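Reader: I would like to go through a model feature by feature. Please give the general idea each time, then the case at hand.

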Amino acid sequence: MDLSEMGRWLAGLGVALVVAGGVLWLLGGVPGLGRLPGDFQFQTGNVGCFAPLATMLLVSLVLTIILNILLRLFQK
């Protein structure tokens, strides 16, 4: 893969991420994400910490499945 082809892939990926971010922003996010069992939130006085562990695992699983399907469809 030469650099110009890699640049086109990166630009396309960037455009796809901007579109996906815009859609999520306009829709107000995905209902339920961020409030799953396993998403931890700690509050002590004025300091808080939020660790969305279950959400990260779910998003990672879904993106892995989608990417594997796309790679199998476009495999040469």
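Reader: How much space lies in the largest pocket?

Author: This is a predicted model, and in it the largest pocket holds about 540 Å³ of space.

Reader: Which residues line the largest pocket, and which of them lie nearest its centre?

Author: The lining is made by 16 residues. Nearest the centre are Trp9, Leu67, Leu70, Leu71 and Phe74. By element, helix 1 (3-27) and helix 2 each give two or more residues to this lining.

Reader: Let us take one of those residues. Where is Leu70 placed, and is Leu70 buried, partly exposed or exposed?

Author: Leu70 is in helix 2. Exposure is read from the relative accessible area, with buried under 20% and exposed over 50%. Leu70 has 38%, so it falls in between and is partly exposed.

Reader: How far is Leu70 from Trp25?

Author: Their C-alpha atoms are separated by 25 Å, and the two residues are 45 apart along the chain.

Reader: Which residues make the nonpolar surface patch?

Author: A patch takes residues with over 30% relative accessible area. Here the nonpolar patch covers about 1,000 Å². Its members are Leu58, Val59, Leu61, Val62, Leu63, Ile65, Ile66, Ile69, Leu70, Leu73 and Phe74. Leu70 and Phe74 therefore appear both in this patch and among the residues nearest the pocket centre.

Reader: Why does Leu73 count as exposed?

Author: Leu73 has a relative accessibility of 62%, and the cut-off for exposed is over 50%, so Leu73 counts as exposed. Leu73 belongs to helix 2, which covers residues 53-73.

Reader: How is a pair of aromatic rings described?

Author: By the distance of the centres and the angle of the planes.

Reader: How many aromatic pairs are there here?

Author: The count is 1 aromatic pair. Phe40 and Phe42 form it, with 6.4 Å centre to centre and 15° between the planes. Planes under 30 degrees apart count as stacked, so this pair is stacked. As for exposure, Phe40 has a relative accessible area of 39% and is therefore partly exposed.

Reader: In which element is Gln41 found, and is Gln41 buried or exposed?

Author: Gln41 is in strand 1, residues 39-44. Its relative accessibility is 62%, so Gln41 counts as exposed.

Reader: How far is Gln41 from Leu71?

Author: The C-alpha atoms of Gln41 and Leu71 are separated by 36 Å, with their positions 30 residues apart along the chain.

Terms used
Residues are numbered from 1 along each chain as its sequence is written. This is a predicted model: local features need pLDDT of at least 70, side-chain atom pairs count only at pLDDT 80 or more; totals for chains, interfaces and linings use all residues. Side-chain values use heavy atoms; hydrogens and water are left out. Patches are made of residues with over 30% relative accessible area and no salt bridge: like charges are joined within 9 Å, nonpolar side chains (Val, Leu, Ile, Met, Phe, Trp, Tyr) within 5 Å. Accessible areas come from the Shrake-Rupley method with a 1.4 Å probe; for residues, only the protein chains shown count as cover. A salt bridge is a side-chain nitrogen of Lys or Arg within 4 Å of a carboxyl oxygen of Asp or Glu. Helices (H or I, at least four residues) and strands (E, at least two) are DSSP runs, numbered from the N terminus. Buried means under 20% relative accessible area, exposed over 50%, partly exposed in between (1.4 Å probe, protein chains only). Rings of Phe, Tyr and Trp (its six-membered ring) pair if their centres lie within 6.5 Å; planes under 30 degrees apart count as stacked, over 60 as edge-to-face and the rest as tilted. On a 1 Å grid over the protein atoms alone, a cavity is a set of points where a 1.4 Å probe fits but cannot get out, and a pocket is an open set with protein on both sides within 12 Å along at least five of seven lines; lining residues have an atom within 4 Å of a point. Grid points are joined across faces, edges and corners, and a volume is the space filled by probe spheres set on the points.
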